[in-house]
Amino acid sequence: MVALLACLILAAPPPAPEAPEALWDAARVALDHERDVAAAVPLLRRLIAVHPDSRPADRARATLARVEALGDAAAAWALPPADEDRFVAAHPAAGITPLVALRRSTALPEAEALALLRAHRGDGRWGWVVEREIGRRLYVEGRFVDAWRAADAAGDAGRVRASLRMIAWRAAPGVGVLLIAAGLWWVRRRRRRRRRAT
């Protein structure tokens, strides 16, 4: 059965290069791995233009807005990984430091990445970008209440909605059990009253 599934997956055609997921993946590779903002921006714009109602297009809009808000500071993406630690240590108060810290966090284990990001969340100019990344990481970790708070602080409405949805899903079984227990208690109490009345 596993072999059959593997064959079906391998035989499936690859996604079209203009598919929304393929464009999103290409843009993220350009930003996160190749550190090439100039290559990523046209891909993000094409994704938004060709597939405006898709979920990847929503992500592309948010990413493009963040890149455009950076302006000249988008050069943080081009800093070589080996230089990021030195830059953050040497220039803790520089205007671009929170963005370099955000880039550095992509290569760190979760606990170290969150500690680095939290040190820059209060930045007057780029704190919202750092806060969004903290919210994303907390969401991926499954810490939905913390993710909701961070997303709310960053003004990330999409992550707020996603976090609240997951909180509701997590709470649903417990609420269901409580409702059943309350219902059984109510039925039992009613029966006792009937017995006393007769």
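The following is a working chat about the predicted model shown above.

Student: Let's start with the overall picture: how many helices and strands are there in the chain?

Tutor: In this predicted model, the chain has ten helices and zero strands, and read along the sequence the pattern is α-α-α-α-α-α-α-α-α-α.

Student: And what share of the residues counts as buried?

Tutor: Of the 198 residues in the chain, 33% count as buried. The accessible surface comes to about 12,400 Å², and 62% of that belongs to carbon and sulfur atoms. As for contacts in the chain with a separation of 6 or more, 42% come from residues 24 or more positions apart.

Student: OK, on to helix α6: is it enclosed or open, and why?

Tutor: Helix α6, residues 97-105, is largely enclosed by the rest of the structure, because nine of its nine residues are buried. The buried residues run through Thr97, Pro98, Leu99, Val100, Ala101, Leu102, Arg103, Arg104 and Ser105.

Student: What covers those buried residues of α6?

Tutor: The cover includes α2 (20-33), α4 (55-70), α5 (81-90), α7 (110-118) and α8 (127-141).

Student: Arg104 in that list caught my eye; which side chain does it meet in a salt bridge?

Tutor: The partner of Arg104 is Asp85, with an N to O distance of 2.8 Å. Since Asp85 lies in helix α5 and Arg104 in helix α6, the pair ties together parts that are 19 residues apart in sequence. Asp85 counts as partly exposed at 43% relative accessibility, whereas Arg104 is buried, with a relative accessible area of 16%.

Student: How many salt bridges are there in total?

Tutor: The count comes to eleven salt bridges. Another of them joins the side chains of Arg137 and Glu110, at 2.7 Å from N to O. That pair links distant parts of the chain, with Arg137 in helix α8 and Glu110 in helix α7, 27 residues apart.

Student: Are Arg137 and Glu110 buried or partly exposed?

Tutor: Arg137 counts as buried, at 4% relative accessibility, while Glu110 counts as partly exposed, at 34%. Both residues also belong to a network of salt bridges, in which Glu110, Glu133, Arg136 and Arg137 are linked.

Student: What about a salt bridge inside one helix, say Asp58 and Arg61 in α4: how far apart are they?

Tutor: Asp58 and Arg61 are three residues apart in helix α4, so about one helical turn separates them. Their side chains meet in a salt bridge with an N to O distance of 3.1 Å. In general, an α-helix has 3.6 residues a turn, so residues three or four places apart point the same way. Asp58 is partly exposed, with a relative accessible area of 45%, and Arg61 is partly exposed too, with a relative accessible area of 35%.

Student: Changing topic to the largest nonpolar core: which residues touch the most other members?

Tutor: Of the 29 residues in that core, Val37, Leu44, Leu47, Ala60, Ile134 and Leu138 touch the most other members. At least two residues of this core come from each of α2, α3 (37-50), α4, α6, α7, α8 and α9 (144-154). The helix that gives the most is α3, with seven residues.

Student: Take Leu47, then; what does it touch?

Tutor: Leaving aside residues up to four places away in sequence, Leu47 touches Pro20, Leu23, Trp24, Pro52, Ser54, Pro56, Ala57 and Ala60. Apart from the largest core there lies another core, of six residues, among them Val100, Leu108, Ala113 and Leu116.

Student: Back to α8: how far does it reach, and what do its buried residues pack against?

Tutor: Helix α8 has 15 residues and reaches 21 Å from its first C-alpha to its last, close to the 21 Å expected at 1.5 Å a residue. Its buried residues include Val129, Val130, Ile134 and Leu138, and the buried residues of α8 pack against α4, α6, α7, α9 and α10 (157-197). Just after α8, Gly142 takes a positive phi of about 90°.

Student: Last one: how many aromatic pairs does the structure hold?

Tutor: The structure holds one aromatic pair, formed by Tyr139 and Phe144 in an edge-to-face arrangement, with 5.2 Å centre to centre and 70° between the planes. Tyr139 counts as partly exposed at 22% relative accessibility, whereas Phe144 counts as buried at 8%.

Terms used: Residues are numbered from 1 along each chain as its sequence is written. This is a predicted model: local features need pLDDT of at least 70, side-chain atom pairs count only at pLDDT 80 or more; totals for chains, interfaces and linings use all residues. Side-chain values use heavy atoms; hydrogens and water are left out. Buried means under 20% relative accessible area, exposed over 50%, partly exposed in between (1.4 Å probe, protein chains only). Helices (H or I, at least four residues) and strands (E, at least two) are DSSP runs, numbered from the N terminus. Contact means heavy atoms within 4.5 Å. A nonpolar core is a set of buried Ala, Val, Leu, Ile, Met, Phe, Trp, Tyr and Cys residues joined through side-chain atoms within 4.5 Å. The expected span of a helix is 1.5 Å times one less than its number of residues. Rings of Phe, Tyr and Trp (its six-membered ring) pair if their centres lie within 6.5 Å; planes under 30 degrees apart count as stacked, over 60 as edge-to-face and the rest as tilted. Accessible areas come from the Shrake-Rupley method with a 1.4 Å probe; for residues, only the protein chains shown count as cover. A salt bridge is a side-chain nitrogen of Lys or Arg within 4 Å of a carboxyl oxygen of Asp or Glu.
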